[in-house]
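Visitor: Could you give me a close look at one part of this model, the aromatic pair and whatever is built around it? Take your time and connect it to the rest as you go.

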Amino acid sequence: MSTRRRIAWVVLCTMAGAIVGGALAARGRRDAKPAPPQLVPSPPVVPAAGDRPGTERSLARMAVGAAIVVVLAITTAVVTRPSDSARLVTPRLVTTRSPGPHDMYVEVVVPGPVGRDERVALTGDDGARVEVGAQLDLEQPSLDNPSQRLVFFRVHLHNTGTVPVLARLAREAWVLDAAGRSHSGDYMRSDMADMTADPPMLQPGWEVDLTAGFPVPKDAELTRLHVALPLGFSTPGAEWNLRK
């Protein structure tokens, strides 16, 4: 073979080898698998409230139960708190007019009027002591006199002393109206002491409700109530302001 043909053959073989090598390299790149992604560690999983261990669930139930008990105890304390609507007071002494028969009166020193929802402690001889409260009980027209109405008060007596006392009001009971007129009690319609009767005794610690009735003008606005108790040789009185 001549030198020129030998050179051409070498060049041709070189070019063919380059083409084949490039094809094989490209195919190798296509067939190569991508590298696996790097694993990133996940954050620790915190168990939900429903997945807590048994000890934690027990402690949670105990805490909730204790809170409920505290709330119920506070509610009970509020609901069962005693009312102050009938508190015992010590009124100051005042000079006032005590009515008598035939439109006569006398100036007497008695405890000043207290609120209509308050109680007064009256003391007498030999350890006599009674707590007294009064409330309006009933009003109705008078059948004897159409120009009048009858007003009844419920007077509560609680013997807090050491000796028995009469379970009766004294006859010195009256109401006052806005015009300044006083109206005496009607002992026939009241639990007041009667000279011809033998009143029962209220023993220490006992309580009783008595009635005090008053005939008053039909349109009279009552402003004050006065009652008295026979406690031994004394008859202390108490007054209530009916406007409050």
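Guide: Let's start with phenylalanine 153, which is buried, because its relative accessible area is just 3% (buried is under 20%, exposed over 50%, partly exposed in between, with a 1.4 Å probe and protein chains only). Bear in mind that this is a predicted model, where local features need pLDDT of at least 70 and side-chain atom pairs count only at pLDDT 80 or more, while totals for chains, interfaces and linings use all residues. Residues are numbered from 1 along each chain as its sequence is written, and side-chain values use heavy atoms, with hydrogens and water left out.

Phenylalanine 214 is buried too, with a relative accessible area of 1%. Rings of Phe, Tyr and Trp (its six-membered ring) pair if their centres lie within 6.5 Å, and planes under 30 degrees apart count as stacked, over 60 as edge-to-face and the rest as tilted. That rule gives 1 aromatic pair here. The ring centres of phenylalanine 153 and phenylalanine 214 are 6.0 Å apart and the planes sit at 75 degrees, so this pair is edge-to-face. Phenylalanine 153 belongs to strand 7 and phenylalanine 214 to strand 12, so to speak two distant parts of the chain, 61 residues apart, linked by the pair (strands are DSSP runs of E, at least two residues, helices are H or I, at least four, and both are numbered from the N terminus).

Staying on strand 7, have a look at valine 151, which lies there as well. Valine 151 counts as buried because its relative accessibility is 1%. Leaving out residues up to four places away in sequence, valine 151 touches Leu136, Leu138, Glu139, Ala212, Gly213, Phe214, Val216 and Leu222 (contact means heavy atoms within 4.5 Å). So one half of the aromatic pair, Phe214, turns up in the list of valine 151's contacts. Glutamine 140 and valine 151 are 11 residues apart in sequence, with their C-alpha atoms 6.8 Å apart in space.

Now for the sheet that holds these strands. Its 5 strands follow the order 1-5-6-7-12, and the sheet is open with mixed pairing (two strands pair if DSSP finds at least two bridges between them). At the edges are strand 1 (88-89) and strand 12 (207-217), each pairing on one side only. Strands of a sheet pair through backbone hydrogen bonds, either parallel or antiparallel. Strand 7 (residues 148-159) runs antiparallel to strand 6 (residues 129-141), and 11 bridges join them. Glutamate 131 has histidine 158 in strand 7 as its bridge partner.

Moving along the order, strand 6 also pairs with strand 5, in the antiparallel sense, over 4 bridges. One opposed couple is leucine 122 and valine 130 in strand 6. Strands 5 and 6 make a hairpin with 5 residues between them, and aspartate 126 in the turn has a positive phi of about 55 degrees. Strand 5 meets strand 1 in the parallel sense through 2 bridges, and valine 89 stands opposite valine 120 in strand 5. In a regular strand the side chains alternate between the two faces of the sheet. Strand 5 (residues 119-123) has Val120 and Leu122 on its covered face, with Arg119, Ala121 and Thr123 on the uncovered one.

Gly213 also takes us to aspartate 186, which touches Gly213 and Pro215, again not counting residues up to four places away in sequence. Aspartate 186 sits in the loop between strand 10 (182-184) and strand 11 (201-202). Aspartate 186 is buried, because its relative accessible area is 17%. Its side chain reaches the backbone nitrogen of methionine 188 at 3.1 Å.

Zooming out, the protein chain has 2 helices and 14 strands. Of its 244 residues, 26% count as buried. Among its contacts between residues at least 6 apart in sequence, 62% join residues at least 24 apart.

Methods. Polar contact = N/O pair within 3.5 Å; in protein donor to acceptor, adjacent residues only side chain to side chain.
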